[in-house]
Amino acid sequence: MTISKKGKDIRNPYIGALGIMFYFCRCKEMNRRTKKVLGMKTKFLGVFLMMWAMIGLEAGAQHTANAKKVLVAYFSWSGNTRNLAHQIQELTGGDLFEIETVKAYPEKYRSCTEYAKKEKEADARPALKSKVKDMDAYDVVYVGFPNWWGTAPMAIWSFLEGYDLTGKTVIPFCTHGGGGEQKCFSDFARHAGKADLKKGFICHGGTVGDARPKVERWLEEIGMK
Ligand SMILES: Cc1cc2nc3c(=O)[nH]c(=O)nc-3n(C[C@H](O)[C@H](O)[C@H](O)COP(=O)(O)O)c2cc1C
């Protein structure tokens, strides 16, 4: 692998492609003019770019082979977590999946909080509308949810318990209404089975619109960007 001082792979398939173009343009040119006019310098440059092309194209293929498949799954009642999920999806290039319960939650806030409280007290596992088609294909699974009564909505436990997440990287993200993290991530860890858990992201539901720079920093911090 060709590594720069900053630790990044500096082989670039685009530079490689340019090298090929340059090499062939130069050959055409040589037929029109005399070889002496072009001289040795351009010949070396052409060969150098040609070699870079081959290394660069190989690097491109290797990068594609190593790319991790990402899923961004989320539950959202009033839209804040959905907004955050879309930002994470845009930054990671993953597939989006909305976790929805068969029985919809009440539309009014107070009714919803009462309903959710009962579900929590019963340690319920609400049935979900659909399953991720090919969970086995994903290497990294982000799971987003709002803080409900100091923890995740019970639908998140239904989701996590519906799959074998062993060996996958699982990363929670959460929005709250002022209570902060509370037991959201610690309870999440207990329900995530043998997944390889990474540090979660949390923000106030009212600030998700401005969260992008923080989301980017977090993704860099956990090595996902
Ligand atoms: C049923 C219910 C329970 C909630 N419980 C809490 C809580 O315990 N602590 C908190 O900070 N916010 C709580 N909230 C506020 C939500 O966590 C917050 O508004 C969140 O951003 C909503 O996300 P959503 O728009 O994706 O549904 C609750 C909201 C609802 C509807």
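## Strand pairing, core and ligand shell

Within strand S3, Tyr142 is the bridge partner of Val72. This pairing belongs to a predicted model, and it offers a starting point for describing the sheet, the nonpolar core and the surroundings of the ligand.

S1 and S3 run parallel and are joined by five bridges. S3 is also joined to S4, again in parallel, by seven bridges. At one position of the latter pairing, Val140 stands opposite Thr169 of S4. S3 itself is mostly covered, with six of its seven residues buried. The two pairings involving S3 are set out below.

| Strand pair | Bridges | Direction | Example of partners |
|---|---|---|---|
| S1 and S3 | five bridges | parallel | Val72 and Tyr142 |
| S3 and S4 | seven bridges | parallel | Val140 and Thr169 |

The residues of the first pair recur in the interior. The largest nonpolar core has 39 residues, and those touching the most other members are Leu71, Val72, Ala73, Val141, Tyr142, Val143 and Ile156. At least two residues of this core come from each of strand S1 (70-74), H3, strand S3 (140-146), helix H5 (154-161), S4, helix H6 (184-191) and helix H7 (212-221). In soluble globular proteins, nonpolar side chains tend to be buried together. Leaving aside residues up to four places away in sequence, Ile156 touches Phe75, Val143 and Phe145.

What surrounds the ligand? The shell consists of 21 residues, of which Thr81, Pro146, Gly177, Gly179 and Gly205 are the closest. By class, 14 residues of the shell are polar, six are nonpolar and one is charged. Helix H3 (80-92), helix H4 (109-121) and strand S4 (169-176) each contribute at least two residues to the shell. H3 and S4 thus appear in both settings, since each of them also supplies at least two residues of the core.

For the chain as a whole, the model contains seven helices and six strands. Read from the N terminus, these elements follow the order α-α-β-α-β-α-β-α-β-α-β-β-α. Of the 225 residues in the protein chain, 28% count as buried. Among contacts between residues at least 6 apart in sequence, 79% join residues at least 24 apart.

An unreviewed UniProt entry carries the annotation "domain: Flavodoxin-like" for residues 70-225. Over that range the chain is 33% helix and 19% strand, and the end C-alpha atoms lie 12 Å apart.

Notes: Residues numbered from 1 in each chain as written. Predicted model: local features only at pLDDT ≥ 70, side-chain atom pairs only at ≥ 80, totals over all residues. Near = placed C-beta within 6 Å. Helix = DSSP H or I, 4+ residues; strand = E, 2+ residues; numbered from the N terminus. Nonpolar A, V, L, I, M, F, W, Y, C, P; charged D, E, K, R; others polar. UniProt positions renumbered as here; feature names shortened; annotations may be inferred. Core = buried A, V, L, I, M, F, W, Y, C linked by C-beta atoms within 7 Å. Buried ≥ 20, exposed ≤ 12 C-beta atoms within 10 Å, placed from the backbone. Contact = placed C-beta atoms within 7 Å. Pairing = 2+ DSSP bridges.
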